[in-house]
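Student: I am new to this structure and should like to learn how to read it. May we go through its features one at a time?

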Amino acid sequence: MKVGVLGATGAVGRQMLECLAERHIDCEVKAFASERSKGKKLPYNGGEVVVETVDEHSFDGLDFVLGAVSNALSKKYRPWIEKAGAVYIDNSSAFRLEEGVPLVVPEINGEDALKNHGLIANPNCSTIITMMALAPLLKLGKITAINACTYQAVSGAGMGGIAELSEEVSAFARGEKIEPKVFPAQIAYNCIAEIGSYNDNGYTTEEMKMQNEGRKILHLPDLKVTCTCVRVPVFRSHSISATVQMDRYVSVEDAEKEIAAFDGDILCKETIPMPLDTSNQDLVYVGRIRRDLCNDNGLVLWCCGDQIRKGAAANAVEILEYLLKHKK
């Protein structure tokens, strides 16, 4: 089996390579990136893989392609991947809402991946983590609405986001002027309630993903979601506060039981989920489950997960694993 990784030199691409090796997926890997990275050697499975650039024949002979590139590049490469006959698992947002393209979190709707026509979309990072925390509740009733606030790490903006926070912290300590480039304002010792571009309704594109993608993942076309996305000075792992409205009363005890039993979740009763504890692993930690004091059928919870791994790279590799496990 042969697997290609697009955007292999970026944070998500590097993590895809690491996850493929960690999960002992028996495959030959090809790494692709931009012209400036051509010939660069990346660590992979105890050895190295040499970075190549992409042309219309790069995907010939590949079985799967994992994408960690921009929407524009993903759209450019899609027809080449289709022509090669490979299955494209894409981490960009280019095709997530396209009809006929499965949007998959394997633990929640893995069977959707089997209905692919050569393209499977990987959901937004915060959406994956939130839906992992909430999906177990569907065994207890229907989710009718969600009110979520995300607290997103700088690594969600890629390697540049990590570098900018580090540089600003150092500059602040030296008393130097801070000039942000990646984020719209200083992120060191600050919070920025603005991720993505604004829609006409006042919500950002990042905020609307929670509703639009959540509906598709959970198979709840009428789901209503209010979301505020905030960038915080944390290097890795996103956190979400979610208030969920059910169509019936669900006890805290029953909610905890289902979350604890759900594959991929860790119920935290004695501790509070935190970014430091959830980084560099693939589980979603869920805690502080309590009643919504404004709605008799509501519950409130707090969850954290590594957005580079479960929110992106690991989820894509898990989709690949699911397809291999269930192939006809």
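Tutor: We shall take a sheet, a helix, the nonpolar cores and one loop residue in turn. Please keep in mind that this is a predicted model.

Student: In what order do the six strands of the open sheet lie?

Tutor: A sheet is read strand by strand, from one edge to the other. Here the order is β9-β8-β10-β13-β12-β11, and the pairing is mixed. The strands β9 (224-231) and β11 (265-268) form the edges, each pairing on one side only. On average, neighbouring strands of this sheet are turned by 20° against each other, direction ignored.

Student: In which sense do β11 and β12 pair, parallel or antiparallel?

Tutor: Four bridges join β11 to β12 (residues 284-291), and the sense is parallel. Within this pair, Leu-267 stands opposite Val-286 of β12.

Student: Which helix lies across β8 and β9?

Tutor: That is α6 (residues 205-218), which runs at about 145° to β9.

Student: Which residues of helix α7 are buried, and why do they line one face?

Tutor: The general idea concerns the helical repeat. An α-helix has 3.6 residues a turn, so residues three or four places apart point the same way. In α7 (residues 252-261), the buried residues are Val-252, Ala-255, Glu-256, Glu-258 and Ile-259. They line one face of the helix because, seen down the axis of α7, they fall within an arc of 165°. The other side of α7 carries the exposed residues Glu-253, Lys-257 and Ala-261. The cover over the buried residues includes α4 (125-134), β11, β12 and β13 (298-305).

Student: Which residues of the largest nonpolar core touch the most other members?

Tutor: This core has 53 residues, and those with the most contacts to other members are Leu-6, Phe-59, Ile-108, Ile-146 and Leu-301. Helix α4 gives the most to this core, namely six residues. A second, separate core holds 33 residues, among them Val-5, Ala-8, Met-16 and Cys-27.

Student: What does Ile-108 touch, not counting residues up to four places away in sequence?

Tutor: Its partners are Met-131, Met-132, Ala-135, Ile-217, Leu-218 and Phe-262.

Student: Is Thr-204 buried or exposed?

Tutor: One compares the relative accessibility with a cut-off: under 20% is buried. Thr-204 has 0% and therefore counts as buried, although this residue belongs to a loop, the one between α5 (159-174) and α6.

Student: Which atom lies 2.8 Å from a polar atom of the Thr-204 side chain?

Tutor: It is the backbone oxygen of Ile-195. Beyond its neighbours within four places in sequence, Thr-204 is in contact with Ile-195, Gly-196, Ser-197, Tyr-198 and Asn-199.

How values were computed:
Residues are numbered from 1 along each chain as its sequence is written. This is a predicted model: local features need pLDDT of at least 70, side-chain atom pairs count only at pLDDT 80 or more; totals for chains, interfaces and linings use all residues. Side-chain values use heavy atoms; hydrogens and water are left out. Two strands pair if DSSP finds at least two bridges between them. Helices (H or I, at least four residues) and strands (E, at least two) are DSSP runs, numbered from the N terminus. Axes are lines fitted to C-alpha atoms, for helices over the stretch in contact, and angles run from 0 to 180 degrees between N-to-C directions. Contact means heavy atoms within 4.5 Å. Buried means under 20% relative accessible area, exposed over 50%, partly exposed in between (1.4 Å probe, protein chains only). The arc is that of the directions from the helix axis to the C-beta atoms. A nonpolar core is a set of buried Ala, Val, Leu, Ile, Met, Phe, Trp, Tyr and Cys residues joined through side-chain atoms within 4.5 Å. A polar contact is a pair of N or O atoms within 3.5 Å; within protein, one must be able to donate a hydrogen and the other to accept it, and residues adjacent in sequence count only if both atoms are side-chain atoms.
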